[in-house]
Amino acid sequence: MTMRQGTQKIVPTDRAVLDREVVLVLALSLGASGVSALISFVGSLTASRPLSRQTAQLITDHAPGRPWLGLAWQLFSIATALVPVALVAHLMARSGESLSGTLGFSLARPARDLLRGAAVAAVIGGSGLGLYLFARQIRLNLTVVPSSLDDVWWRIPVLVAAAAQNAVLEETIVLGYLVHRLDQRGWSPWRSTAASSLLRGSYHLYQGVGGFVGNVVMGVIFCWLYRRWGRVMPLVVAHALIDIVAFVGAVLLAGKVGWLPAG
């Protein structure tokens, strides 16, 4: 690690420094989630019931019957989940980089980012739902319950906020930051794409094989689009829209459509 003359910006030039930085960021965020999901998947595989008869609950109420306390827990969970993004922003700033300028995580092109994100969400969301239903039908996936929150006044806003948090966390770290650092490390585009996509799939393993495969494919597509557009923001928008539709749609349609499995 060296210092630029006349500035206080720290430039990571040592590969070992980059390696340690990436490992620590992932260990504090989605890398740890991948290990947790793997343990959960092993537990599901070794359970007495088949995967399709087990459930994976995404957003649960930490204080049933106490709405204000439950809201506090939800906001706390969302805020702390974004700390690794702040850490990445800090580390990149120290090396003279930024989330906006280097990764394209900014509101500089709202119309174009929204249009591109909506188009990606429509394609990925629809195919992802089909893969989930197929994987569950052949007993390779758990029943995913996006929300088990009671019908309280803050349920929909919290689900939207949680969807946005997932999008910012995952796309900033697994797509933008990781791919950028691996490029600096000298990895080939295909190698960094594989690493990013497999990591994305790993922390969805708790959902089953379908969750893993679907997110690996999503990761490959997102990496290709990120390199093509040079901006992570359209993919953040796409991910947020996919999760908003999944979270809010599951709440509104639960018990009303036959093709949507209930938990």
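In the predicted model, the side chains of R181 and E97 come together in a salt bridge, with an N to O distance of 2.9 Å. R181 belongs to helix α7 whereas E97 sits in the loop between α4 and α5, so the pair ties together parts of the chain that are 84 residues apart in sequence. R181 also meets E21 through a salt bridge, here at 2.7 Å from N to O, and this pair links distant parts of the chain, with E21 in helix α1 and R181 in helix α7, 160 residues apart. E21, E97 and R181 are thus linked in a network of salt bridges. Each member of the network falls under the 20% limit for a buried residue: R181 has a relative accessible area of 1%, E21 is at 11%, and E97 is at 15%.

A search of the whole structure finds 7 salt bridges, among them one between E171 and R200, whose closest N and O atoms are 2.8 Å apart. Because E171 lies in helix α7 and R200 in helix α8, this pair ties together parts that are 29 residues apart in sequence. Both E171 and R200 are buried. Side chains of opposite charge can pair when their charged atoms come close.

The largest nonpolar core contains 38 residues, of which I173 and F222 touch the most other members. At least two residues of this core are supplied by each of α1 (15-27), α4 (83-94), α5, α6, α7, α9 and α10, and the largest share, 10 residues, comes from α7. When neighbours within four places in sequence are left aside, I173 is in contact with V25, L26, S29, L30, P84, V85, V88 and L178. A second core, separate from the one just described, has 12 residues and includes L149, W154, V158 and V251.

F222, named above as a residue of the largest core, is one of the buried residues of helix α9, which also include G210, G211, N215, V216, M218, G219, C223, L225, Y226 and W229. These buried residues pack against α5 (99-103), α6 (110-137), α7 (155-184), α8 (189-202) and α10 (233-253). Helix α9 comprises 21 residues (209-229), which at 1.5 Å a residue should span 30 Å, and the 30 Å between its end C-alpha atoms agrees with this expectation. The helix is followed by G230, which has a positive phi, near 70 degrees. Helix α10 likewise has 21 residues, and the 29 Å from its first C-alpha to its last is close to the 30 Å expected at 1.5 Å a residue. This helix is mostly covered, with 15 of its 21 residues buried.

Helix α9 also contributes to the surface, where F134, I138, L140, V209, V213, V217 and I221 form a nonpolar patch with about 530 Å² of accessible area together. With 4 residues, α9 gives the most to this patch. An α-helix has 3.6 residues a turn, so residues three or four places apart point the same way. Another member of the patch, I138, is found in the loop between α6 and β4 (143-147) and is partly exposed, with a relative accessible area of 40%.

The loop between α6 and β4 also holds R139, which is exposed, at a relative accessible area of 54%. Although R139 is not a glycine, its phi is positive, at about 65 degrees. Most residues other than glycine have a negative phi.

A further loop, between α8 and α9, is the place of Y206, which at 23% relative accessibility counts as partly exposed. Residues up to four places away in sequence not being counted, Y206 touches A37, S40, A56, L58 and L142. The C-alpha atoms of Y206 and L142 are separated by 8.1 Å, while the two residues are 64 residues apart along the chain.

Notes: Residues numbered from 1 in each chain as written. Predicted model: local features only at pLDDT ≥ 70, side-chain atom pairs only at ≥ 80, totals over all residues. Heavy atoms only, no water. Expected span 1.5 Å × (residues − 1). Buried < 20%, exposed > 50% of the residue type's maximum accessible area, 1.4 Å probe, protein only. Contact = heavy atoms within 4.5 Å. Core = buried A, V, L, I, M, F, W, Y, C linked by side-chain atoms within 4.5 Å. Patch = residues over 30% accessible without salt bridge, like charges linked within 9 Å, V, L, I, M, F, W, Y side chains within 5 Å. Areas by Shrake-Rupley, 256 points an atom, 1.4 Å probe, with all protein chains shown as cover. Salt bridge = Lys/Arg side-chain N within 4 Å of Asp/Glu carboxyl O.
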